[in-house]
Amino acid sequence: MFAAAIFPMAAGGISNTWFSYVDQRAILSALLRSEATSADDKIESFLDGIKIPLGSTIPEDVSANAGVKQLRLLFLRVMHQVPGILSISFVDGAGAERLHVSRTGSNRTEGGADRSGDPAVVGARTAKVWYGPVIYRQGSEPSVTMAMANYDDTVLENRSSPKSV
């Protein structure tokens, strides 16, 4: 008799617990999906905001007139305007890195490193604007690489960190 009374109560408690767990899991999944969408929108907005100042630094003529000193000044100006930009690299039409300016690493001038096989360079030449995956610097700070190409396949590669996301 005792078992006849306890068994239905225990079964009811277990089923209530199970359904509560399933409901909470569904609510949590919806909340996480909403937060992920919000973060995605913020990152996309941040990157769209970088396109204009970064695109304005791509020189139309990469001959002797567009010297490395002039490019460096343009890069520094853009980095001043957009504090989220961590570094900018300029890769010429042959795939050689001509300039790299960074907030966090060393700067390189006329390094000539062959970047023709770099995914950012290849992607920018194919699609004119390329976005790399979001990575986390130091385990928590999101960072993304964006590359843009002009009509003669010179490429600007930009590593940015949207700190507000």
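Read along the sequence, the protein follows the pattern α-α-β-β-β-α-β-β-β-β, which amounts to three helices and seven strands. The model is a predicted one. Of the 165 residues, 34% count as buried. Among contacts between residues at least 6 apart in sequence, 48% join residues at least 24 apart.

The interior can be taken next. In soluble globular proteins, nonpolar side chains tend to be buried together. Here the largest nonpolar core has 20 residues, and those with the most contacts inside it are L54, F75, I85, I88 and L99. At least two residues of this core come from each of α1 (2-55), α2 (68-81), β1, β2 and β6 (141-149). Helix α2 gives the largest share, six residues. A second core, separate from this one, has seven residues, including A120, A124, A149 and V155.

I85, one of the residues with the most contacts inside the largest core, lies in strand β1. I85 is buried, with a relative accessible area of 0%. Leaving out residues up to four places away in sequence, I85 touches I50, V78, M79, R103, N158, R159 and S160. The C-alpha atoms of I85 and S102 are separated by 8.6 Å, and the two residues are 17 apart along the chain.

S143 offers a second buried position, in strand β6. Its relative accessible area is 1%. Apart from neighbours within four places in sequence, S143 is in contact with L86, P133, V134, I135, R137, R159, S160 and S161. R159 and S160 are thus among the contacts of S143 and also among those of I85.

The loop between β1 (85-91) and β2 (97-102) contains D92. D92 is buried yet has no salt bridge. The nearest side chain of opposite charge, that of R98, is 5.0 Å away, whereas a salt bridge requires a nitrogen within 4 Å of a carboxyl oxygen. The side chain of D92 instead reaches the backbone nitrogen of A94, at 3.0 Å.

Helix α3 (residues 119-127) can be followed from end to end. At its N-terminal end D118 acts as a cap, with a side-chain oxygen 2.8 Å from the backbone nitrogen of A120. Within the helix, A120, V121, G123 and A124 are buried. These four lie on the same side of α3, because they cover an arc of only 165 degrees around the axis. An α-helix has 3.6 residues a turn, so residues three or four places apart point the same way. On the other side of α3, P119 and T126 are exposed. The buried residues of the helix pack against β1, β4 (129-131), β6 and β7 (155-160). Two of them, A120 and A124, also belong to the second core.

After α3 comes K128, in the loop that leads from α3 to β4. Phi of K128 is near 70 degrees, a positive value in a residue other than glycine. K128 is partly exposed, with a relative accessible area of 34%.

How values were computed. Residues are numbered from 1 along each chain as its sequence is written. This is a predicted model: local features need pLDDT of at least 70, side-chain atom pairs count only at pLDDT 80 or more; totals for chains, interfaces and linings use all residues. Side-chain values use heavy atoms; hydrogens and water are left out. Buried means under 20% relative accessible area, exposed over 50%, partly exposed in between (1.4 Å probe, protein chains only). Lys and Arg count as positive and Asp and Glu as negative; His and the chain ends are not counted. A polar contact is a pair of N or O atoms within 3.5 Å; within protein, one must be able to donate a hydrogen and the other to accept it, and residues adjacent in sequence count only if both atoms are side-chain atoms. A nonpolar core is a set of buried Ala, Val, Leu, Ile, Met, Phe, Trp, Tyr and Cys residues joined through side-chain atoms within 4.5 Å. The arc is that of the directions from the helix axis to the C-beta atoms. Contact means heavy atoms within 4.5 Å.
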